[in-house]
Amino acid sequence: MEYGEITEIYMNSGKLDSKGREIGFIVGFRDNGTDFGAWVQNARREFGVWKDFGTRQRSKIFANQPSATLWAYATARERIAKLQKN
């Protein structure tokens, strides 16, 4: 079964990197009706555009959308909280 459209949500950490770019994370989802993929990608926003930063993350596969959503947002919030401590 083929996977459908990708859905990505951008989350800003409120921090800037050494080059003045906003640090954030892209929370992504894609499914085929049976398998639900989710990932959290490091990103930078410069001139109003979010772009992947670093190595592209692979999807984690879940049995249902709620599990994928819970994992992805929890992971992004953990990574943002880690940045806030620095």
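The following exchange examines the fold, the charges and selected residues of a predicted model.

User: On what basis are residues numbered and features of this model counted?
Analyst: Residues are numbered from 1 along each chain as its sequence is written, and side-chain values use heavy atoms, with hydrogens and water left out. The model is predicted, so local features need pLDDT of at least 70 and side-chain atom pairs count only at pLDDT 80 or more, whereas totals for chains, interfaces and linings use all residues.

User: In what order do the helix and strands of the protein chain run from the N terminus?
Analyst: The protein chain has 1 helix and 5 strands. Helices (H or I, at least four residues) and strands (E, at least two) are DSSP runs, numbered from the N terminus. From that end on, the order of the elements is β-β-β-β-β-α.

User: What percentage of the residues of the protein chain count as buried?
Analyst: Buried means under 20% relative accessible area, exposed over 50%, and partly exposed in between (1.4 Å probe, protein chains only). The protein chain exposes about 5700 Å², of which carbon and sulfur atoms supply 51%; accessible areas come from the Shrake-Rupley method with a 1.4 Å probe, and for residues only the protein chains shown count as cover. Of its 86 residues, the buried share is 31%.

User: Where does Arg44 lie, and is Arg44 buried or exposed?
Analyst: Arg44 lies in strand β3, which spans residues 36-46. Its relative accessible area is 11%. Because buried means under 20%, Arg44 counts as buried.

User: Which side chains make polar contacts with the side chain of Arg44?
Analyst: A polar contact is a pair of N or O atoms within 3.5 Å; within protein, one must be able to donate a hydrogen and the other to accept it, and residues adjacent in sequence count only if both atoms are side-chain atoms. One such contact, of 2.8 Å, involves Asn42, and another, of 3.1 Å, involves Asp17. The partners are therefore Asn42 and Asp17.

User: Which parts does the pair of Asp17 and Arg44 tie together?
Analyst: The side chains of Asp17 and Arg44 meet in a salt bridge (3.1 Å, N to O), defined as a side-chain nitrogen of Lys or Arg within 4 Å of a carboxyl oxygen of Asp or Glu. Asp17 lies in the loop between β1 (7-16) and β2 (22-31) and Arg44 in strand β3, so the pair ties together parts 27 residues apart in sequence. Asp17 is buried at 15% relative accessible area. The parts joined are the β1-β2 loop and strand β3.

User: Which residue meets Asp17 in a salt bridge of 2.7 Å?
Analyst: Side chains of opposite charge can pair when their charged atoms come close. Asp17 is buried, as is its partner. The residue at 2.7 Å, N to O, is Arg21.

User: Which residues are linked with Arg56 in a network of salt bridges?
Analyst: The search of the whole structure finds 5 salt bridges. In one of them, the side chains of Arg56 and Asp52 meet at 2.7 Å, N to O; Arg56 is partly exposed at 41% relative accessible area, and Asp52 is partly exposed at 41%. The residues linked with Arg56 are Asp52 and Glu8.

User: Which residues does Ile6 touch, not counting residues up to four places away in sequence?
Analyst: Ile6 is placed in the segment before β1 and counts as partly exposed at 43% relative accessibility. Contact means heavy atoms within 4.5 Å. With that sequence exclusion, the residues touched are Phe29, Arg30 and Trp39.
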